[in-house]
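Me: Please take a close look at the largest nonpolar core in this structure, and set it in the context of the chain around it. I would like one connected account rather than a list.

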Amino acid sequence: MSIYAKLGFTFLGLMIVLNWGMLMGATMRKIGARMAGRYGIPFKQPWINLFKNMSTRTTITHGVMYYIGPVFRLSGAVGLFLFMPAVFTGSENGLWTNFSFEGDLILILYFQLFGMLGMALGAGQGGHPYSAMGIARGLAQHAAVELPLTLAFLSIAIQYDTFSVYKIVEAQQGGMMNWVLFTNPFAAVTAILAMLGAMGHSPFNLVKAPNEILIGPATEYEGTYLGFMQSSGAILHVMEAILFMNLIFGGATNWIELIVKTFLIYFWSVFVGMVFPRFKIEQSVTWFFKIPLVLGVLAIIIYSF
Amino acid sequence: MSELDLNDKVNEMLAKSEANVKNSDKTFVRPEDEIREVVAPDGSIITVNPLYDYFSNERPQVEEPKGGIVEKFLNWARAESIWVLGFGTGCGSIEIPPLVTPRYDMFRFGVQMRPTPRQSNAFIISGYLSVKTLKRVIRTYEQMPSPKYILALGSCTINGGMYYDSYSTINRLDKYLPVDVYIAGCMPRPEALLHGFVKLKELIKAGKAEKANEYARNFDEYKANQKKIIKDWNMPDYNW
């Protein structure tokens with residue numbers, strides 16, 4: 001396949017992921033509303049919000065890095081998509097494997113942090129008196145999430161002897177019992193628990209809860225830049241779900257399977273969020289160090305010998 | 001003493017007291033906003049005037065709608081996505097929380113609460129507005145990105161309502177900030193507030209909710225009115 005065709009399919013895949021992310025976000029809010037006995041937002045609301053934010057007539061500047069922050073976040077989300085095989089087609093150079101290569105798991109772990117770093121840089125320039133504290137909390141929780149998550153991914157990498165996401169998906173084909181969920185349950189449970197923090201829903205959403213004083217840089221963003229953050233958030237949510245689908249739940253062989261699996265994976269974090277109230281940062285960090293980290297160490301020990 | 005003489009006397013006394021006020025060095029600048037000298041990282045000394053250095057002192061600009069089918073589409077998007085600033089200014093703000101409950105559920109109209117003026121495009125002035133709050137409301141309103149809309153909730157914003165003779169509240173909100181929709185009542189029920197949102201949506205879709213431009217066009221008039229009632233004006237004239 002020529003590089004242009006590959007670029008075209010990657011762009012098309014990105015558009016599907018973006019729109020699916022927005023629809024999924026709206027669906028989850030609708031489910032939340034129904035649980036509360038409300039009718040909830042219309043399904044088209046995320047697109048309307050995006051158009052509205054893109055059409056504000058005035059914008060306020062706080063300096064260069066303030067503008068680069070959301071761009072960083074969006075490039076982190078797009079980068080996550082570029083190097084992750086979305087749909088398993090049986091060939092490493094297939095239509096929807098994007099620019100996946102040997103060792104992309106390490107790059108993907110890095111890209112996950114990219115958006116957070118962009119926000120931290122934007123916070124420095126925003127001048128919001130609380131943004132430094134907000135970012136400190138965000139990075140503290142992110143570090144606590146990353147540690148068990150990395151251990152789980154390392155355990156899976158040791159199990160299959162590869163850092164290529166494509167090869168890990170390939171090894172899981174041929175039936176449900178080949179999924180990492182059953183072949184490496186400790187790593188799977190660690191990743192599933194750490195995923196709650198990576199998705200950033202309640203109980204681990206103190207950092208971006210809209211009514212917290214310490215929300216930090218996000219309060220200062222408006223207009224087009226908020227639109228950037230909304231679209232990158234939609235992509236990031238789907239990409240996180242695709243990452244866990246590829247590593248634990250056997251990947252997807254077509255788009256329908258991808259949509260069903262990502263929906264269920266995303267629903268898991270929303271479901272937990274509906275049931276449990278918000279943690280304080282010290283509580284969530286302690287929780288990640290207590291349960292997922294211990295399981296992650298066990299997963300590493302089992303597959304190291 | 002005849003009446004004319006008395007008038008002269010009173011006028012004379014007034015002139016004297018005004019002169020005294022002007023002469024006395026009465027400023028309302030807070031200590032952190034005073035002009036001061038700071039040492040820069042390279043050792044040089046810089047004079048800082050926080051009120052003018054930390055805030056943009058530009059006047060608001062009139063930004064005419066582009067018109068045509070694009071503007072119609074954008075107006076539809078603006079109408080279907082009204083983000084309200086969570087700032088309760090008076091007793092009427094007690095009517096806002098019920099809107100997020102299952103009984104009224106404003107989300108189905110595309111109305112949401114936002115925690116920051118930077119992301120909101122609608123401002124509910126809920127009930128009476130004291131002079132002290134008016135100052136904060138002006139600062140907040142001017143930080144919102146255009147196009148922005150004001151819903152005035154309750155009779156107090158129309159003519160002062162039951163606080164019409166109070167020393168500390170304003171009577172007509174329209175003198176100080178441009179209002180898009182009035183919701184009359186004391187207090188209006190949440191249903192009335194929802195109806196106000198629907199009315200605002202109609203106005204936006206018809207392209208008639210351009211009060212932010214009106215504020216920019218009549219900026220001097222609005223500022224003169226605001227300064228007449230806010231005596232301790234210790235902020236820049238335009239608060240981005």
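**The largest nonpolar core and its surroundings**

Reply: In this predicted model, the largest nonpolar core holds 111 residues, and those that touch the most other members are Met84(A), Ala191(A), Met239(A), Phe244(A) and Leu151(B). The element that gives the most to this core is helix α9 of chain A, residues 223–247, which supplies 15 residues. As general background, nonpolar side chains in soluble globular proteins tend to be buried together.

Met84(A) is a useful place to begin. Once its neighbours within four places in sequence are left aside, Met84(A) is in contact with Met239(A), Ile242(A) and Leu243(A), and also with Asn98(A), Ser100(A), Asp104(A), Ile108(A) and Val165(A).

From Val165(A), one of those partners, the view can pass to helix α6 of chain A, which covers residues 165–171 and includes Val169(A). Val169(A) counts as buried because it has 23 C-beta neighbours inside 10 Å, the cut-off for that class being 20 or more. With its neighbours within four places in sequence again set aside, Val169(A) is in contact with Pro85(A), Phe88(A), Asn246(A) and Gly251(A). The last of these partners, Gly251(A), lies 82 residues from Val169(A) along the chain, yet their C-alpha atoms are separated by 5.6 Å.

The wider chain gives these contacts their setting. Chain A has 11 helices and 0 strands, and of its 305 residues 46% are buried. Among contacts in chain A between residues at least 6 apart in sequence, 80% join residues at least 24 apart. The C-alpha trace of chain A spans about 55 × 50 × 40 Å along its principal axes, and its radius of gyration of 19 Å agrees with the value near 19 Å that a compact globule of 305 residues would have.

One helix pair in chain A can be described in some detail: the axes of helix α1 (residues 3–35) and helix α2 (residues 45–54) come within 8 Å and cross at roughly 115°. Helix α1(A) makes this contact through Met22(A), Gly25(A) and Ala26(A), while α2(A) contributes Gln45(A), Pro46(A) and Trp47(A); by class, the residues of this contact are 4 nonpolar, 2 polar and no charged.

Finally, Leu151(B) is among the residues that touch the most other core members, which leads to the contact between the chains. That contact takes 28 residues from chain A and 19 residues from chain B, and the side of chain B that touches chain A has 8 nonpolar, 5 polar and 6 charged residues.

Definitions and conventions
Residues are numbered from 1 along each chain as its sequence is written. Chains are lettered from A and ligands numbered from 1 in the order in which they are written. This is a predicted model: local features need pLDDT of at least 70, side-chain atom pairs count only at pLDDT 80 or more; totals for chains, interfaces and linings use all residues. A nonpolar core is a set of buried Ala, Val, Leu, Ile, Met, Phe, Trp, Tyr and Cys residues joined through C-beta atoms within 7 Å. A residue is buried if 20 or more other C-beta atoms lie within 10 Å of its own, exposed if 12 or fewer, and partly exposed in between; C-beta atoms are placed from the backbone. Helices (H or I, at least four residues) and strands (E, at least two) are DSSP runs, numbered from the N terminus. Two residues are in contact if their C-beta atoms, placed from the backbone, lie within 7 Å. Ala, Val, Leu, Ile, Met, Phe, Trp, Tyr, Cys and Pro count as nonpolar, Asp, Glu, Lys and Arg as charged, and the others, Gly among them, as polar. Axes are lines fitted to C-alpha atoms, for helices over the stretch in contact, and angles run from 0 to 180 degrees between N-to-C directions. The radius of gyration is taken over C-alpha atoms; the globule rule is 2.2 Å times the number of residues to the power 0.38.
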